[in-house]
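Student: I would like to learn how to read the strand pairing and the core of a model such as this one. Could we start with the sheet?

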Amino acid sequence: MTISEINEEDRQWEGPCSQLMQNSFIFQAKIAEQVPKVINGNGIRITVENPENGKITDVIDGMTGAAVGSLGWGDPEVVEIINRAARNTFYSYPAILGNEYSEELAKFYISNSPPNAFAAALWTLSGSEANENELKIIRQYHVEKGNFNKTKFISRKTSYHGFTLGALSISSNARAEMFQEILLPQNQCLKMEACYPYRNKADNETLVQYSDRLLLELEMMILKEDPKTIGAVILETLPGTSLGTSPPTPGYLLGIRKLCTKYDILFMLDEVMCGTGRANPNGGLNCWENYLSPEEGPDIQSVGKTLGSGYVTIAGVLLSPKVRNVFIEGSGSILGSHTYSCHAFNCFVALEIQKRVKKLKLTENIFKMGNYMGELLIEKLVDTAIVGDIRGLGGFWSLELVKNSQTKEIFPLSSNMAYRLQDKCFENGLNIMGTQGCANGSGDIILLAPAFIVTKDDIEAIVHIVYMSIKDLEQELMDEGIL
Ligand SMILES: Cc1ncc(COP(=O)(O)O)c(C=O)c1O
């Protein structure tokens, strides 16, 4: 029975809704109208229904929503997993009771990370909630140690850590700007420069010199503010929706790690979008393993998205032994508990999904296929006019669109170029994500993050559609006199 058949049979419950002259009852995105709906998913493809004209379109999902997909859509094994989870799990209120599956999922993540990188986890429902919890954990960590003045956070310009108020306070983009007046004070949430060599590295600088400059600026900021007041340095290992997937330059992450150790500041990585297998070089989970050895890892880390692969709402906080020990030797407890934290059903499903991803060696696959996608994008898009930069790692890539690739001139924000390309790709059979704001609030990027199951043929199809769509858009721009 399909959803529309159920609705046909069972309209009584609608009541007063049927009299309201509204197209949509969902307060999300475009409030007055219904947005296109996903009505089916199969492997790397989704089927989308346009609510205005009922048109059904079947497309490749090149972005798995917001980079959530590891297993493909409609995986029959996941249906079995969910079935077992429904039969075997029972709700436990986390402040008082626990469950086996949250423990098992924590053990799985810790065991599949480098030795001694992590020692404990807290499972939340979203990446924003994970980051929100981390800000409080960081605060309590310093209080447990008697460092009461460590109340400031340093994160980065052009960053995104979620839509709750704490997460927005450490973010820096148009999404955060609108709410500035109700966020944590900005003199408490300092912003260092992003690591963005495409625009910010000087021509006469090497990548290493660029890293050194950023690190020097960070150290100056720490000293100016007083290291005794800084609680954490926070960054996305591989950024996503704000900056596009600009990988850290050589020595950059290690330099931040060292500064944090030097000044007793916690080093926090946000791997909500880039982690949990999307860009790991060893068939593992963490993106930072590309750049840091096990003993140089973060003190605290957020994860999400592919943890539940879009089937359940789950994200989490991972704690290093160092952080856990301070709590163990201190108060022995952590303040705060959400009703649905460490939810047994979600943890059961996520654990089985992760085991399946591991058994099928899908993190190896996406690292290989994703890097192949990057190479192919660089090769095929060489004769396009509006692609200024192609950047990324493993299964997470982005293109920065420019009006002039020599001068790197951006399109006016109002031309919505990222969204125009997103629509073009959709028309041509590919779902991707367009965003704006990478270059000081302006600038257009499109993002690609397919499911971990992608094959070589799928990658070639994705790159082909991106290429065709860019060419279509360029033709339109020429016709409009913009190019
Ligand atoms: C790096 C990063 N952190 C946090 C979040 C917030 O996660 P969620 O949307 O699950 O709250 C996102 C979402 O895109 C993200 O990309």
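Tutor: Two strands count as paired if DSSP finds at least two bridges between them. Strands of a sheet pair through backbone hydrogen bonds, either parallel or antiparallel. In this predicted model, four strands form an open sheet in the order 1-2-3-13, with mixed pairing.

Student: Which are the edge strands of this sheet?

Tutor: They are strand 1 (37–42) and strand 13 (430–431), each of which pairs on one side only. Strand 13 runs parallel to strand 3 (residues 56–61), and two bridges join them; in this pairing Ile-60 stands opposite Leu-430.

Student: What is Ile-462 in contact with, leaving aside its neighbours within four places in sequence?

Tutor: Its contacts include those two residues of the sheet, Ile-60 and Leu-430, together with Gly-62, Met-373, Leu-448 and Pro-450. Ile-462 also belongs to the largest nonpolar core, which has 129 residues, and is one of those that touch the most other members, among them Val-233, Leu-266 and Cys-347.

Student: Which helix gives the largest share of this core, and where does the core lie with respect to the domains?

Tutor: Helix 12 (residues 344–359) gives the largest share, eight residues. Because domain 1 (37–73 + 362–480) and domain 2 (79–360) both give residues to the core, it lies between them.

Student: How much of the chain is buried?

Tutor: Buried residues make up 47% of the 483 residues, and among contacts between residues at least 6 apart in sequence, 72% join residues at least 24 apart.

Note on methods:
Residues are numbered from 1 along each chain as its sequence is written. This is a predicted model: local features need pLDDT of at least 70, side-chain atom pairs count only at pLDDT 80 or more; totals for chains, interfaces and linings use all residues. A residue is buried if 20 or more other C-beta atoms lie within 10 Å of its own, exposed if 12 or fewer, and partly exposed in between; C-beta atoms are placed from the backbone. Two residues are in contact if their C-beta atoms, placed from the backbone, lie within 7 Å. A nonpolar core is a set of buried Ala, Val, Leu, Ile, Met, Phe, Trp, Tyr and Cys residues joined through C-beta atoms within 7 Å. Domain bounds come from an automatic or database domain assignment.
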